[in-house]
Amino acid sequence: MIGLDDFRRVLGHFASGVTVVTARDAQGRPVGLTASAFTSVSLTPPLVLVCVDVKARCYPALYASDRFAVNILGAHQEALSQRFASNIDHKFEALTPHPGRLGLPMIPGALAHIECEKVGIHPGGDHTIFVGRVEAATAHEGEPLLHYRGRYDRVLSALSTPRRSSPMSVPLSRPPNDDEIKRAALAAIDSGQYILGPECREFEAEFARYVGTRHAVLTNSGTAALWMAMRALGVKPGDEVLVPSHTAFPTAEAVLFAEAVPVFVDIDDTYTIDPKDAAAKVTARTVGVVPVHLYGHPVNVDAIRDLAAQRGLWMLEDCCQAHGARVRDQQVGTFGRAAAFSFYPSKNLTVMGDGGALVTDDDEIAARCRRLRDHGRLNKDVHAELGFNLRFNDVQAAIGRVLLRRLDAMNDRRRALAARYGAALAGLPIELPREQPEARHVYHLYVIRSTRRGELAGFLKERGIQTGIHYPVPCHRQPVVERLAPPALPKTERAVEEILTLPLSAGHADAEIDQVAAAVREFFER
Ligand SMILES: Cc1ncc(COP(=O)(O)O)c(C=O)c1O
């Protein structure tokens, strides 16, 4: 028999993808370890085996569990692999696993998630082979982390091929796309119920519960939610509504559709509505205020709420960029009379297409919006008022339900990537996003600021890095409101010349963020 060191040396001579095997212990807590072998043993039925160390602290829990998951790690997850290979107690600290279809803990950012029912246990020396029947599996694009010649390696360097001279391209946002999402959509198609059916009803109940409101009314865009809200709030021609100018145009468009006057307000240091400027712009005709939690950062809710209370205004929150953002543990969307959400593909919560929801605690507003989204119908045959077709569909609702379950984990991932940018970009002559102490930013967009914005964007583009400007033309400078002759907004006008959105979404890898940050640093340090 050969000695242990020789055996290790030979084993380590062959590349193998690094996997972390996860399960839940008897109390439902996630456990996991880095496993040395993973392979398929049968195609029909689909069987895989993993080989786990019997000395690992979580071995008894893995042994006792009747299911396990295999997470194939990406090239950027070396630290995570080391963590799971160690015998520390809290391997999941600062790592929120998302639940898989069997409820198993999935490692965020892994290249593949394979969920298995355990069908065989074969002890062999200091390792045990678990055979699993694959019940669910998802795979994502990316480069696997290898273990080769006794150390972590990458596919390209392991093959001794020179790295590509131009690095990979980095998109601004990468919406989720995996088998669980596709399965949900297919099941909804098979159900034969397509519009405002059971998936929509479940999504409405689950989304209302998530936000913490009595009602959620699904509709086909965030714009539609804002439009319905204006009608349900009774906005009349000539009414004035306070809106930030620095927002997506639909915020102001909803006011204009109601033939009311958008009164444009300047921004504060978090790029959201400035309460002082809002207060200064209230007149006898002002009926309401639409604060926008822009980029995922909550507005100064206390100040806006006080203003609304003092001046008798309603408050409609535009949460289209802020699903899951909080102020002192209270979700945005619960501070005003109603709130609008968008589920557009790049949003923190998407339905893989257009979609939106209005949430409220007000029974009358909810009932009115349910009517408005369906031609003002009271019932099948009676139309009480003019509405429109703003209904939602079950295929997208089914997708929304899958992604809602992952929303907190996806927001945690966005926050972790924002922190990564923060550390990597510190000290450069740029302004980084700010987070107020009581606010939980969910980084729908990661927006930096530079007086050399144009040059920097060009430099990044040459390196395959996509950037954006949200938004280059503020609402008060749009031709469609020229007739209102809106006054200048100095902070907004300066910001739109300097802001630049860098790539960030829950689907980005650490390595991509590092690549962008390194390019930004190179630009300033050349
Ligand atoms: C702040 C804000 N309000 C409203 C909207 C409109 O949402 P939708 O595109 O779903 O109509 C958006 C979407 O981009 C937005 O970002």
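Among contacts in the protein chain between residues at least 6 apart in sequence, what percentage join residues at least 24 apart? The figure is 69%, and I should say at once that we are looking at a predicted model, which is how everything that follows should be heard.

Let me begin with the chain as a whole. The protein chain holds 15 helices and 24 strands. Its radius of gyration is 26 Å, close to the 24 Å that the globule rule gives for 526 residues, so the chain is as compact as a globular protein of that length. Along its principal axes, the C-alpha trace spans about 90 × 65 × 35 Å, and 45% of the 526 residues count as buried.

Now to the pair of helices that I would like you to find on the screen, H7, which covers residues 222–232, and H8, which covers residues 249–257. Their axes come within 9 Å and cross at roughly 35°, and the crossing is right-handed. On the H7 side the residues that take part are Gly222, Thr223, Leu226, Trp227 and Met230, and they meet Pro250, Thr251, Glu253, Ala254, Val255 and Phe257 of H8. Sorted by character, the residues of this contact divide into 7 nonpolar, 3 polar and 1 charged.

Staying with H8, which of its residues are buried? They are Pro250, Thr251, Ala252, Ala254 and Val255, and these buried residues pack against H7 and also against three strands, namely S14 (240–244), S15 (261–265) and S17 (314–318). Just after H8, Glu259 takes a positive phi of about 60°.

The same two helices come up again when we turn to the ligand, which is surrounded by 15 residues, the closest being Ser221, Gly222, Thr223, Cys320 and Ser342. H7 and H8 are the elements that give two or more residues to this shell. The shell divides into 5 nonpolar, 8 polar and 2 charged residues. Gly222 and Thr223, then, are listed among the closest residues to the ligand, and both also belong to the H7 side of the contact with H8.

Finally, for a position elsewhere in the chain, consider Asp190, which lies in helix H5, residues 179–191. Is Asp190 buried or exposed? Asp190 is exposed, because 8 other C-beta atoms lie within 10 Å, and the cut-off for calling a residue exposed is 12 or fewer. The C-alpha atom of Asp190 is separated by 49 Å from that of Gly454, a residue 264 positions away along the chain.

How values were computed: Residues are numbered from 1 along each chain as its sequence is written. This is a predicted model: local features need pLDDT of at least 70, side-chain atom pairs count only at pLDDT 80 or more; totals for chains, interfaces and linings use all residues. Helices (H or I, at least four residues) and strands (E, at least two) are DSSP runs, numbered from the N terminus. A residue is buried if 20 or more other C-beta atoms lie within 10 Å of its own, exposed if 12 or fewer, and partly exposed in between; C-beta atoms are placed from the backbone. The radius of gyration is taken over C-alpha atoms; the globule rule is 2.2 Å times the number of residues to the power 0.38. Two residues are in contact if their C-beta atoms, placed from the backbone, lie within 7 Å. Axes are lines fitted to C-alpha atoms, for helices over the stretch in contact, and angles run from 0 to 180 degrees between N-to-C directions. A crossing is left-handed if the near helix is turned anticlockwise from the far one by less than a right angle, and right-handed if clockwise. Ala, Val, Leu, Ile, Met, Phe, Trp, Tyr, Cys and Pro count as nonpolar, Asp, Glu, Lys and Arg as charged, and the others, Gly among them, as polar. A residue is near a molecule or strand if its C-beta atom, placed from the backbone, lies within 6 Å of it.
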